[in-house]
Amino acid sequence: QVQLVESGGGLVQPGGSLRLSCALSGSIFSIYTMGWYRQAPGKQRELVATITSGGSTNYADSVKGRFTISRDNAKKTVYLQMNSLKPDDTAVYYCNARLTDVYWGQGTQVTVSS
């Protein structure tokens, strides 16, 4: 059974950086398209970034130029490097693995506040 475990969230000041990690277990990591989504209070969950098995990436307009998604197939881990963080980036961030089925992690809180 596929399991995803996120880590790296926390409290950061505006303009700061965080790196989120998501480790997959229970399956072959390299075949999945991996993604990061986020959900702010009172809002719908939204796409942040995705990376395919071949390494192609896609970003939401709101994070382009600030966030970078990457993957390490040997470590079965996907990362989200977040720079120049803004208060609007405050949300619970979820990791997602997609092939024929879709799997979600439990989420990690990111709070951007002074």
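Which residue in β3 is the bridge partner of Val5? Keep that in mind while you get your bearings; the tour comes back to it. One thing to know before you click: this is a predicted model.

**Stop 1: the whole chain**

Show everything as a cartoon. You'll find eleven strands and zero helices, so reading from the N terminus you meet one β element after another, β-β-β-β-β-β-β-β-β-β-β. The radius of gyration is 13 Å, close to the 13 Å that the globule rule gives for 114 residues, so the chain is as compact as a globular protein of that length. Along its principal axes, the C-alpha atoms fill a box of roughly 40 × 25 × 25 Å.

Now switch on the surface. About 5,900 Å² is exposed, and carbon and sulfur atoms supply 46% of that. Buried residues account for 42% of the 114 in the chain. And if you take contacts between residues at least 6 apart in sequence, 52% of them join residues at least 24 apart.

**Stop 2: an open sheet**

Select β1, β3, β8 and β7. These four strands make an open sheet in the order β1-β3-β8-β7, and the pairing is antiparallel. Look at the edges: β1 (3-7) and β7 (67-72) each have a single partner strand, so one side of each is left without a neighbour in the sheet. From one strand to the next, the twist averages 15°. What holds neighbours like these together? Strands of a sheet pair through backbone hydrogen bonds.

Zoom in on β1 and β3 (residues 18-25). The two run antiparallel, with five bridges joining them. Here's the answer to the opening question: pick Val5, and its bridge partner in β3 is Ala23.

**Stop 3: the disulfide**

Stay with β3 and select Cys22, then add Cys95. How far apart are their sulfur atoms? They sit 2.1 Å apart, and the two residues form a disulfide. The structure holds one such link. A disulfide is a covalent bond between the sulfur atoms of two cysteines.

Trace the chain on both sides. Cys22 lies in strand β3 and Cys95 in strand β9 (residues 91-98), so the pair ties together parts that are 73 residues apart in sequence. Turn the view to look at the S-S bond: with -80° about it, the link is left-handed.

Is Cys22 buried or exposed? Cys22 counts as buried because its relative accessibility is 0%. Cys95 is buried too, with a relative accessible area of 0%.

**Stop 4: Thr50**

Jump to strand β5 (residues 46-51) and pick Thr50. Thr50 has 12% relative accessibility, so it counts as buried. Show what surrounds it: leaving out residues up to four places away in sequence, Thr50 touches Thr33, Met34, Gly35, Tyr37, Ser56, Thr57, Asn58 and Ile69.

**Stop 5: Gln106**

Last pick: Gln106. Where is it? Gln106 sits in the loop between β10 (102-104) and β11 (108-112). Its relative accessibility is 47%, so Gln106 counts as partly exposed.

Display its contacts, again skipping residues up to four places away in sequence, and you get Leu4, Val5, Glu6 and Tyr94. So you meet Val5 again, the bridge partner of Ala23. For a final distance, draw a line between the C-alpha atoms of Gln106 and Gly8: they are separated by 13 Å, although the two residues are 98 apart along the chain.

Conventions
Residues are numbered from 1 along each chain as its sequence is written. This is a predicted model: local features need pLDDT of at least 70, side-chain atom pairs count only at pLDDT 80 or more; totals for chains, interfaces and linings use all residues. Side-chain values use heavy atoms; hydrogens and water are left out. Buried means under 20% relative accessible area, exposed over 50%, partly exposed in between (1.4 Å probe, protein chains only). Contact means heavy atoms within 4.5 Å. Two strands pair if DSSP finds at least two bridges between them. Axes are lines fitted to C-alpha atoms, for helices over the stretch in contact, and angles run from 0 to 180 degrees between N-to-C directions. A disulfide is a pair of cysteine sulfur atoms within 2.5 Å. The radius of gyration is taken over C-alpha atoms; the globule rule is 2.2 Å times the number of residues to the power 0.38. Accessible areas come from the Shrake-Rupley method with a 1.4 Å probe; for residues, only the protein chains shown count as cover.
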